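Dear colleague,

I am handing over the structure we spoke about, together with notes on what was found in it. Please have the coordinates open as you read.

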Amino acid sequence: MSMFTTRPEILGTFGVITSTHWLASAAGMALLERGGNAFDAAVAAGFVLQVVEPHLVGPAGEVPIIFHSAKTGKTEVLCGQGVTPDAATIERYKQEGLDLVPGSGLLAAVVPGAFDAWMLMLRDHGSMSLRDAMEPAIYYARTGHPMLPRVANTIRDQAEFFKKEWPTSYATWARNGNLPQAHELFVNEALAKTYQRLVDESEAKGGSREEIIDHARDGFYRGFVAQAIEDFCRNTEAMDTSGKRHKGILTADDMARWSATYETPLSYDYHGWTVSKTGPWGQGPALLQSLALLKNSDIGAMGPDSADFIHTVTEAMKLAYADREIYYGDPDFADVPMKQLLSEDYNAQRRKLIGSAASHELRAGMIAGFETQHARSVAQFRYAETNGNVAPGAGEPTMAHLRTEKRGDTVHVDVIDRWGNMVSATPSGGWLQSSPVIPELGFQLNTRAQMFWLEPDLPTSLAPRKRPRTTLTPSLASYEGKPRLVFGTPGGDQQDQWQLILFLRRVHHGLNLQEGIDLPLFHTMHFPSSFYPREAIPGRLVIEKSIGEAVINDLKIRGHDLEIVDEWTVGRLTAAERESNGLLRAAATPRLMQAYAIGR
């Protein structure tokens, strides 16, 4: 018997798209209807999300994408995570009197990565024109979109700070001094002009579809956009979470030298499935490590919302994320022992640490040759109770509705078309709380450099031209060798936790996508946050109260430090699936009342 769900699991054969905002899903579906493929649809949706969820993502953010091409038969990662500026040295930040990279402002900016990643995917795998892909976003920026209540509230919360410290943001988000109201049509003319100019100037230069897209890449990274970014960083002192004003260090040269790149995914085999993630410059391998730890557990015998399931999965995640803190970083700069971390020998030992009681220790594994790095990393961990005094714009905001601080956030989109192309993308960064608006562009920079430590000789130590260890982590899973499932979620450090829960419920309990998403969700805050001020709360387990008193009491007896939150407040998952007979499925979370799946 199937369970009640908040909405139907979408079924069809032509195409499905699911994202964290209904307008983005609709824009992507419109391109599928016009003969476009999953890549075209994902790009259109990605740009619309920048306009309609500006508190969660902006044009100067980043995006990791994992995709399967029916044409090439390959599953690949597209890295749209920009690198640090040339001037981003530990010494430079220490000279500014900093011991952490600020969570907001201009010093935390890295090269914006999303634009190039979207353009590269459109050029190499899409079929539609630059104008077709960008027109929906330009339309909503120019003619207005109904502002989400959450966006209006975020602007209202930041308004006095903007007015005093970031006047260009106040001018953009409180037009003519008027704070936007929920569902009011909101216009961003400067952003519309920026995107329109990129399209018009690229078309004016002429050439093939692919050449026009490359012209747009040049306009952004080697043209007027890059120059405006450098000028703003050089001439603006912006208040940030350090309590002081700092200029930015990102230059047009930093942008000109960078481009998005294709990579081979990191994969792990689990009960007939192969799950593919980004490399350890993202946190994606933590999901694979969790699967390696759980491989021999009888998850199928545990109820999908039982105390046994929640406890076992949580304890595995604590171990996987502890290793993230020790070992993960940009593999171009650090030796990351992923083979050992996913090996059966290593996980056989680690599994023994999962006991009947909740752990309150951060227990990272020890790999030979990494003893010094292990000790240095442990010394960096700062266990501190969250006190709610995080400065404006800090961090990452998917869960901000559960706390007093207001942080940035993330979005997600999954697409599968009738040819079997699949895309999973998690755009983020450059949200409206991150730094001041660059007025002639209509958007602000990202703050992804806050992932770095200002201590040397760690995988995540700040250095020039280095990728931050991002939390952004889309997923693609194959079953018996055939690409089957794309899924993901916003949520910072929670992303691979919620995705793991959905995947296990799908694999072991046979739940459909909507059922797996709708059941109560949970996550641990046991390990250091990736975001300023890097707090950790040992043993903390956040869980929706709809899980029920019996389960809550059982988890308390096992020693979990429970934070019980309202139902429908944890997780923002979306997912899409393609069966071997061509049947397509899609689902989206009802939480926050924004995400939507469409298909036919």
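Which residues in helix 4 meet which residues in helix 9? On the side of helix 4 they are A114, F115, D116, M119, L120, L122 and R123, and on the side of helix 9 they are R209, E210, I213, D214, A216, R217, F220 and Y221. Before going further, please keep in mind that this is a predicted model. The axes of helix 4 (residues 114-125) and helix 9 (residues 209-221) come within 9 Å of each other and cross at roughly 175 degrees. Since angles over 145 degrees count as roughly antiparallel, that is the term that applies to helix 4 and helix 9.

A second helix pair is arranged in another way. Helix 12 (residues 285-294) packs against helix 13 at an angle of about 130 degrees, and their axes are 8 Å apart; the two helices are therefore oblique to each other, and their crossing is right-handed. Helix 12 contributes A286, Q289, S290, L293 and L294 to this contact, and these meet T312, V313, A316, M317, L319, A320, Y321 and D323 in helix 13.

Helix 13 itself runs over residues 307-327, which makes 21 residues, and it reaches 30 Å from its first C-alpha to its last, close to the 30 Å expected at 1.5 Å a residue. Of those 21 residues, 20 are buried, so helix 13 is largely enclosed by the rest of the structure.

Turning to the interior, the largest nonpolar core has 92 residues, and within it I65, F115 and W118 touch the most other members. Helix 2 (residues 38-52) supplies the largest share of this core, with 11 residues. Apart from that core lies another, of 66 residues, among them I326, V336, L521 and L573. As for W118, if residues up to four places away in sequence are left aside, its contacts are A42, V43, G46, F47, Q50, V63, I65, V413, A425 and P427. I65 is thus one of the residues that W118 touches, and F115, besides its place in the core, is also one of the helix 4 residues that meet helix 9.

Some local backbone features may deserve your attention if you prepare the model for calculations. The peptide bond from Y532 to P533 is cis, with omega near 5 degrees, and P533 is placed in the loop between strand 16 (522-524) and strand 17 (540-544). R534 lies in the loop between strand 16 and strand 17 as well, and its phi is near 65 degrees, a positive value in a residue other than glycine. Is R534 buried or exposed? Its relative accessibility is 2%, so R534 counts as buried.

W568, in the loop between strand 18 (561-565) and strand 19 (574-578), also has a positive phi, of about 65 degrees, although it is not a glycine. With a relative accessible area of 39%, W568 is partly exposed.

Finally, G510 is found in the loop between helix 17 (495-509) and helix 18 (513-518), where, at 56% relative accessibility, it counts as exposed. G510 and G300 are 210 residues apart in sequence, yet their C-alpha atoms are 9.2 Å apart in space.

With best regards

Notes: Residues are numbered from 1 along each chain as its sequence is written. This is a predicted model: local features need pLDDT of at least 70, side-chain atom pairs count only at pLDDT 80 or more; totals for chains, interfaces and linings use all residues. Side-chain values use heavy atoms; hydrogens and water are left out. The expected span of a helix is 1.5 Å times one less than its number of residues. Buried means under 20% relative accessible area, exposed over 50%, partly exposed in between (1.4 Å probe, protein chains only). A nonpolar core is a set of buried Ala, Val, Leu, Ile, Met, Phe, Trp, Tyr and Cys residues joined through side-chain atoms within 4.5 Å. Contact means heavy atoms within 4.5 Å. Axes are lines fitted to C-alpha atoms, for helices over the stretch in contact, and angles run from 0 to 180 degrees between N-to-C directions. Angles under 35 degrees count as roughly parallel, over 145 as roughly antiparallel, 65 to 115 as roughly perpendicular and the rest as oblique. A crossing is left-handed if the near helix is turned anticlockwise from the far one by less than a right angle, and right-handed if clockwise.
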